[in-house]
Amino acid sequence: MSKHTSVDADFLALPLETTSNAAIDSAKSLGASHVDVRIEKTRTGYLQLRDAKPESQTDDSVVGLGVRVIVNGAWGFASSPVISVTKGKELAAIAVAMAKTSKPLATEEVALAPEPTYAKKQWISNYEIDPFEVSDSEKLDRLASLSNKLLASKSVNHASAYTMYVKEQKHYADSFGTNTTQQRVRIQTQIEAVSVGDHGFESMRTLAQPAGFGWEWMRNDIYDWDSEIDELPTLLAEKVAAPSVIPGKYDLLIDPTNLWLTIHESIGHATELDRAIGYEANYAGTSFATVDNLNKLQYGSAKMHVTGDRNTDHGLSTVGWDDEGVAAQRWDIIKGGVLVGYQTDRRIAARVNQERSFGCAFADSPSHVPIQRMPNVSLQPDSQGPTLAAMISSLEDGIYIRGDKSWSIDMQRYNFQFTGQQFHRVKNGKIVGQVKDMAYQATTTDFWRSMKVIGGPSTYVLGGAFNCGKGQPGQVAPVSHGCPAAIFENVNVLNTVAEAGE
Amino acid sequence: MISAQELIERITSAATCDECIVIVTETSQANLRWANSTLTTNGVILQRSVTVLAFVAVDGGMAAGGVTRTDVAISEIDAVLKEAIASAHSAGAADDAAKIAKNIVIGNWSDAHNPTGPDVFAKVAPDLGDMFKGSVADGIELFGYAEHTHKTTWVGSKGGIRARYDQPAGRVEMTGKSHNRTRSTFEGVATRDFSNVSIANVDANIRKRLQWQANKIEIPAGKYDTVLPANAIGDLILYMLWSAGARDAHEGRSAFSKKGGGTRIGDILSSLPLHVYSDSAYKGLESIPFVASAASSSLSSVFDNGQSLKRNDFIKNGKLSSLLQTQSSAKITSLPYTPVGDNFIVEVDGASGAIEDLVHKVDDGLLLTTMWYIREVDPSSLLLTGLTRDGVYRVKGGEVVGAVNNFRWNESPIALLSRIAHVGTSEITQLREWAEDYDRCAAPPMVIKDFNMSTVSPAN
């Protein structure tokens, strides 16, 4: 699958197995019933341009070692930036001590769902060009030339652009005998045009999605950057001149570049089993989709099919094995519109007597414990569904929304409100111009039950985000959401100027 | 690992570029997390971060480039410097170039990092255990988090900056739920060393608020006179500060831009003697007194490292008096250099009273506990959206008469400054929405007229 066949030599040159073996043996001898060890290196590059000139540039590497144990049914964890056999043993002792200290407060016995073991395995994500092998000036030139194209237009006063790229290397070993080493690469680039004038200011940005690609993502053959940049000034000028939306109920045709985020918030987070049973209640919140709803709750319309997976090609949540040594899988979350599955890690799976974890454990750094994080959660297209053009033609009176912008949803994942980049008014099957100042707001189940048309495979796009937050201490995870375009009936549309009381 | 100070000396003296600034941070942290009244995770974290910034004279000015690593071994110093210098050359003359401070000495440079650890919980952990037991017995479920962090920052340069600061920070967050999770409340405590944390007080507040929720009243969306606690005022004003970059305002790209050009500095935002300011010496919120910037952005510049952070008023006597500046943006905007420090204070002259006193002044309105999921909807008015969370109470005739449903609200923090009906005493408060991102805030509770509760949220 991958163009690369081995994890980079510099990471393999670290004392991976000697350190993880030492930590595992040490913790076991101190009374741990389970030990897992992660040695990680995550390198993140960021380049931001303001009006085609560099404003911010960082190159940040985080390296370290984390040791997690179970002693008498309680967790203990310790981490350090130093990777060595001595440090592995030392952290094992600290983690065991932490577990013993916390035992009086931990009344719930931790157990882990079983999983086959995987010895000395490697996995590399599917990318071509390591972004860290591309010179800074090449990256700068690419973003500057796209920015300058925007700035050359009379409709554009300012342009902002950034690219962020990550290489994540991870060695995992546990006391069951699993031992894996993985490497994955991802990239996100956004370019925004701003218009300033008597109207105040208005902006619009590119709709390109982040994905598990290398620098090849910035050529025009995978995503056509130059064509999108060429169209942006006209679209922005149209938005500046557009009428303010009249609030009320509308049929919405939502493009996958917007719908992925609605899926993320109203399905992705709502079907995390740890949330549903209360583990996130103090921070991210809980879920309306409690376990008594499994196989009963009509989440959405009958054709709605949502899957969870950790193996979509170029997916941001795609891995070989998760951070508890569980192999990547794909499963149903919503089938026939009914809630049929959750996202799990080994602890949560064992707690609800599920025979195997779906492999959703992830830690964003060696200094954080793995928690249940989101797999790629995707809405499947209707194999017989219409094209985008046919969907527009079928819409009598509605709004076609493209690109995500603002998002917010409540702590039980009922009430959400989203905005977007472009709002195209559709009348009698034709786009008649843009409107602006728009947000759509709904309750999760009302919204998904109102999904009247699911687009065909030709409308499908893999969207996603780098910055999904969860847990305390806070952790950030990348995740993809594939989806087709879809039509929703009678959705509440707000005018954001009226909401501001202006 | 060699010491931070030795590392800085070695890197700055090996640097062949025109100027070199090295920022080392060492962070230690202990944390406890619980849910369903049992401890779920815990951790001890030790981290180092080394940023090497190279400054190089190039055609048209000065260029800057930087790399950040978990650590830099002696054998890696030359390679890291080379990378930073190469990065500066490829970036070219920096847009934010400015005079770099020299020969500044602040703090006890040579002291080692003083780590925190699980011992900091010696008093609260047994108290938490007692609270867990008591709450289980009374049908209350507890969910929460305790964190303590020590962070040491060293900024050293080839030009003689030797500045060091130690920042303690911590908090306890507690969510209490009862009656099949149909009732929910929250209490947050900000702390620097856990000496001021009383689990007994947290327990009493949780119980009182859950009791308030015995009488549930459904009310529709609408505009209500609303008592906002200090934590909610802090969460809203912080977003406003993050959106107050001077250059963005000058270029017409922010809610602080004046239509037709220029910034809104001088505009009256509130008719009250309201002050919003940052002050690194504010008692109980002491924060880093100098700039430590590992990367430039619209609000920060690597050229400003070592500049001093004194009191800076953002709003003074109700008037917008400054915006967030770098040395470079101050030149572009022809305004004074007004950098913002790592704390902020909201206060109104002459205001007094606690939140209970404000409740007594409301004839017909709402009392909030916290806000959640705050996001920008429209940057031109700084319209934000968010939810009420963990308890909204109906206030009638100055008394809490029951609990109502949650709401999604849409409001601009700038606009609501002109609708302040009553204000209490400023207090050090624990933010809810931005707890992870920001530690030091003092704010008063306020009553805001006609707060826009846009739609109902059925969430508990």
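**Salt bridges, an A–B interface and a kinked helix**

With a relative accessibility of 46%, D10(A) falls in the partly exposed class. In this predicted model, D10(A) pairs up with K41(A) through a salt bridge, with N and O 3.7 Å apart. The two partners come from distant parts of the chain, 31 residues apart: D10(A) sits in helix 1 (residues 9–12) of chain A and K41(A) in strand 1 (residues 34–50) of chain A. This pair belongs to a longer tally, since the rule gives 66 salt bridges over all chains.

A more local pairing turns up in helix 4 of chain A, where K139(A) and D136(A) lie three residues apart, or about one turn of the helix. In an α-helix there are 3.6 residues a turn, so residues three or four places apart point the same way. K139(A) and D136(A) form a salt bridge, their closest N and O atoms being 4.0 Å apart. Burial splits this pair: K139(A) has a relative accessible area of just 2% and is buried, because the cut-off is under 20%, while D136(A), at 24%, counts as partly exposed. Over in chain B, E173(B) and R171(B) also meet in a salt bridge, this one at 2.6 Å from N to O. Both E173(B) and R171(B) are buried.

Turning to the contact between the chains, 80 residues of chain A touch 84 residues of chain B. Together the two chains bury about 6700 Å², with 51% of that on carbon and sulfur atoms. The interface holds 41 residue pairs in polar contact, both partners at pLDDT 80 or more, and six salt bridges by the rule. On the chain A side, strand 2 (residues 53–71) gives the most to the surface touching chain B, namely eleven residues. One of the bridges across the interface joins R50(A) to D248(B), with the closest N and O atoms 2.7 Å apart. R50(A) and D248(B) are also part of one network of salt bridges with shared partners, which takes in K53(A), E55(A), D95(B), R247(B), E251(B) and R253(B) as well.

Back in chain A, helix 5 (residues 225–241) makes a neat length check. Its 17 residues, at 1.5 Å a residue, should span 24 Å, and the end C-alpha atoms are 25 Å apart, so the two agree. The helix does have a kink of about 30 degrees, placed at L232(A), shortly before the proline P233(A). Both L232(A) and P233(A) are among the buried residues of helix 5, as are W225(A), I229(A), L236(A) and V240(A). The cover over these buried residues includes helix 4 (136–151), strand 6 (179–197), strand 7 (200–205), strand 16 (415–427) and strand 17 (430–435) of chain A.

Two buried positions in chain B round things off. S280(B) is in the loop between strand 10 (274–278) and strand 11 (312–316) of chain B, and its relative accessible area of 12% makes it buried. A polar atom of the S280(B) side chain lies 2.9 Å from the backbone oxygen of L309(B). Beyond its sequence neighbours within four places, S280(B) is in contact with L309(B) and also with E286(B), S287(B), I288(B), P289(B) and N343(B). I199(B), in helix 4 (residues 199–212) of chain B, is buried too, at 4% relative accessible area. Setting aside residues up to four places away, I199(B) touches V124(B), D127(B), L128(B) and M131(B). By contrast, I199(B) and K158(B) are 41 residues apart in sequence and 48 Å apart in space, C-alpha to C-alpha.

Terms used:
Residues numbered from 1 in each chain as written. Chains lettered and ligands numbered in written order. Predicted model: local features only at pLDDT ≥ 70, side-chain atom pairs only at ≥ 80, totals over all residues. Heavy atoms only, no water. Helix = DSSP H or I, 4+ residues; strand = E, 2+ residues; numbered from the N terminus. Expected span 1.5 Å × (residues − 1). Bend = angle between axes of the 7 residues up to and from the residue. Buried < 20%, exposed > 50% of the residue type's maximum accessible area, 1.4 Å probe, protein only. Contact = heavy atoms within 4.5 Å. Buried area = accessible area lost by both parts, 1.4 Å probe. Salt bridge = Lys/Arg side-chain N within 4 Å of Asp/Glu carboxyl O. Polar contact = N/O pair within 3.5 Å; in protein donor to acceptor, adjacent residues only side chain to side chain.
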